[in-house]
Amino acid sequence: MNELLHLAHGWQQCADDVRSRAHLVRSARAVTWEGPGATNYHSVVEDRSNAMTAIADRMDALAGRLRGLAALERGA
Amino acid sequence: MKTRVAPEDLAGAAVLLDRGASAMEDAFARGRPATTTAVTAAAGVRAAALGPLDGGFETAYRRGQAVAAIERDVAVLAGMVAAESLALHGVGTSLRQAARVYAAVEDGVRAGLSGLDRFLYDHPEVAEWGARGILPVAGPLVGLADGWGFLNERTDRVVALKPLAAREGRAPAGLADLVAEDVEVSKTPGLVRVTELIRPDGSRAWLVSISGTQDWGLAPGSDPFDATADANVIRQHSAAAAIGVNLALLDAQGRAGVDTSADPVLTSGHSLGGMVALTLASEPGFRHGRTITGALTSGSPTGGFDIPDSTRVVSLEKLRDPVPRLDGTPARQEPNWRTIVADPAPGPGGRSAVAEHDGAGYAALARGLESGAVPSSTDVDWHATIEPFVGQPGTRAIVHDYVLTREWQNPRS
């Protein structure tokens with residue numbers, strides 16, 4: 001049970017790191033770019049940042065499931 | 001075209017994306033996915049072993065569901081992280097490429113217009129990049145120009161042919177003489193030269209030397225070797241100049257008073273002249289009743305011309321001349337087509353792209369190739385293409401010069 005909680009804590013921290021990194025990636029949108037190749041740049045970077053946030057959310061959910069499983073074991 | 005971007009900003013953004021990918025991969029590894037799966041599986045085993053006294057089957061079922069969901073989450077996360085990492089690195093790579101292109105262009109802008117041709121000399125590939133980007137919009141631009149009467153050979157114009165007196169000339173000795181002849185005819189407005197070569201055995205060969213661009217004005221004038229001809233040849237592989245050259249050869253061959261249908265013909269030209277030479281060599285109407293054995297171009301964009309296998313082509317290109325790159329296609333190397341790409345030392349014009357395109361420079365290049373002083377693509381054999389036209393002692397050369405002019409089809413009084 002403790003090991004499940006420990007793993008859950010680890011995944012929670014990973015989720016926080018990835019979310020913070022997704023924020024940094026999003027900051028790349030601040031680059032001023034007008035000219036050839038710029039058309040999709042801002043939306044591409046935003047898509048990548050959103051995808052990283054989705055991964056962080058999935059890690060959060062995993063941490064939650066691990067805690068839930070630990071609770072089930074504790075209640076047994 | 002509006003452009004505003006700092007290449008170093010793009011490179012910085014690429015670093016952000018790459019670091020984002022690495023951090024995400026690290027975070028996934030720190031979550032210990034293998035351990036998570038193993039520990040969870042062990043919990044599943046424990047749940048399966050539960051009996052009624054431990055909470056009953058419902059508890060066992062709920063734990064089993066939780067275990068399955070966790071295992072699924074770990075597997076899905078592994079796929080998401082791998083895919084996203086690839087995507088982030090891919091965007092990063094694209095950004096770095098864009099940063100390099102913009103940096104090169106900035107380099108050119110910083111050099112200023114006075115240094116532009118030096119920049120093109122040092123970065124000849126930029127002409128090719130430009131062509132790839134520009135050609136798709138060239139059609140609409142030329143169409144726009146048409147509306148103002150520019151760059152368009154309208155159907156109410158025709159080309160008129162004025163023959164000059166035929167005279168004895170000197171038979172070309174080799175490649176350099178052929179290129180030099182193209183450069184020579186480019187000095188006289190509207191001039192096209194047909195050289196009738198009569199060999200010692202009485203057989204004939206015909207050399208057609210075609211002028212390069214002589215008038216850079218946007219409106220079509222009386223000289224058919226102008227920017228309008230460039231636009232038309234590039235756009236539709238036809239121009240009044242090509243019609244005029246055909247008429248000139250027809251007239252010269254007619255004056256010979258013999259059957260010329262089996263005589264070898266070489267069309268040759270520098271820059272626009274080379275494109276006209278290829279236009280004719282690919283044109284069934286020009287080939288009909290003639291034996292077009294070769295075409296020679298120097299400093300010409302050659303992409304897009306469809307030449308029959310029976311005609312050999314030799315194209316001379318200087319590595320630092322941007323003009324041959326304007327078609328945006330690689331130098332042609334085909335069974336019947338040899339392109340000699342050379343990078344000779346700068347001529348009298350110094351390190352200048354404009355000077356690199358100069359016809360005299362191509363004549364010098366041809367001399368260097370013949371003497372071996374200029375290295376080129378080593379396995380390129382161009383001799384067979386020009387062999388029927390050069391270097392036969394005792395060959396007579398009769399020069400037929402013609403002046404072509406664009407005129408109104410229905411002259412107004």
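This passage describes chain A, its contacts with chain B, and the nonpolar cores of the predicted model. Residues are numbered from 1 along each chain as its sequence is written, and chains are lettered from A in the order in which they are written. In this predicted model, local features need pLDDT of at least 70 and side-chain atom pairs count only at pLDDT 80 or more, whereas totals for chains, interfaces and linings use all residues.

Chain A has two helices and one strand, in the order α-β-α from the N terminus on, where helices (H or I, at least four residues) and strands (E, at least two) are DSSP runs numbered from the N terminus. Of its 76 residues, 36% count as buried, that is, with 20 or more other C-beta atoms, placed from the backbone, within 10 Å of their own.

Between the chains, 36 residues of chain A are in contact with 45 residues of chain B, a contact being a pair of C-beta atoms, placed from the backbone, within 7 Å. Helix 1 (2-27), strand 1 (33-34) and helix 2 (41-75) of chain A each give two or more residues to this side, and helix 2 supplies the largest share, 15 residues.

The largest nonpolar core (buried Ala, Val, Leu, Ile, Met, Phe, Trp, Tyr and Cys residues joined through C-beta atoms within 7 Å) has 58 residues, and Val208(B), Ala241(B) and Val245(B) are among those with the most contacts inside it. Helix 8 (residues 240-256) of chain B gives the most to this core, with eight residues. Apart from this core lies another, of 47 residues, including Ala8(A), Leu17(B), Met24(B) and Val91(B).

How values were computed
Buried ≥ 20, exposed ≤ 12 C-beta atoms within 10 Å, placed from the backbone. Contact = placed C-beta atoms within 7 Å.
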